[in-house]
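Start with the pocket, then work outward to the strands and the whole chain. Keep the structure open as you read.

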Amino acid sequence: VALQFSTRFWEHYPSPILGSCSTLTDIPGIGSICYPSYKINSTGPGVMLASYTSGDFGIRFASLPELEHVQYVLDAMVEIHGQVARETYTGRFSRKCWALDPLESASWANPSIGMHKLYIPTYFETHNNLLLELGLVDEAKAITEKFMARWISV
């Protein structure tokens, strides 16, 4: 959950927070809090990634209605930063629950111990590219440039 604030109040503390991510909270379900590292000490609004949560808490909080989840995160920011968080919150937010994304299951690999022996040999194999097999070199280059790692050369 990312929250927008009318000021970057966290940069104006006696010990300012000038861009970083932290997991130093014991508030259940909050996870990492990330402060922007761009336009430090600028005027105007700032967006804080107020809660990046994965694992069991990420799955549990995905089941909350969106506004209830955002309110929980805002209340946690008030607990951490004081009333300035509530006073400067603009009402704008963005919430991404990966557990609700139909493509998420293919985006993350975390093999358990037994899977290493089973899958690691295949990981190091080179697989042919169907587009290249069909002679579609320009198309393969275009896809690589647009969607994949740009350091790969075809």
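In this predicted model, helix α1 gives the largest pocket five lining residues, the largest share from any element. α1 spans residues 55-62, and β4 spans residues 46-52; each supplies at least two residues of that lining.

The largest pocket holds about 560 Å³ of space. Its lining counts 23 residues. Tyr52, Thr53, Ser54, Lys96 and Trp98 lie nearest the centre. By class, the lining residues divide into eleven nonpolar, nine polar and three charged.

β4 also pairs with other strands. The table lists two pairings.

| Strand paired with β4 | Sense | Bridges | One bridge pair |
|---|---|---|---|
| β1 (residues 2-5) | antiparallel | four bridges | Gln4 with Val47 of β4 |
| β3 (residues 32-35) | antiparallel | two bridges | Ser32 with Tyr52 of β4 |

Tyr52 thus appears twice: Tyr52 is the bridge partner of Ser32, and Tyr52 is among the residues nearest the centre of the largest pocket.

Now the whole chain. How many helices and strands does the protein chain have? There are six helices and five strands. From the N terminus on, the order is β-β-β-β-α-α-α-β-α-α-α.

The protein chain has 154 residues, and 26% of them are buried. About 11,000 Å² is exposed, with carbon and sulfur atoms supplying 59% of that area. Contacts reach along the sequence too. Of those between residues at least 6 apart, 63% join residues at least 24 apart.

How values were computed: Residues numbered from 1 in each chain as written. Predicted model: local features only at pLDDT ≥ 70, side-chain atom pairs only at ≥ 80, totals over all residues. Heavy atoms only, no water. 1 Å grid on protein atoms, 1.4 Å probe; cavity = no way out; pocket = protein on both sides within 12 Å on 5 of 7 lines; lining within 4 Å. Points joined across faces, edges and corners; volume = space filled by probe spheres on them. Nonpolar A, V, L, I, M, F, W, Y, C, P; charged D, E, K, R; others polar. Pairing = 2+ DSSP bridges. Buried < 20%, exposed > 50% of the residue type's maximum accessible area, 1.4 Å probe, protein only. Contact = heavy atoms within 4.5 Å. Areas by Shrake-Rupley, 256 points an atom, 1.4 Å probe, with all protein chains shown as cover.
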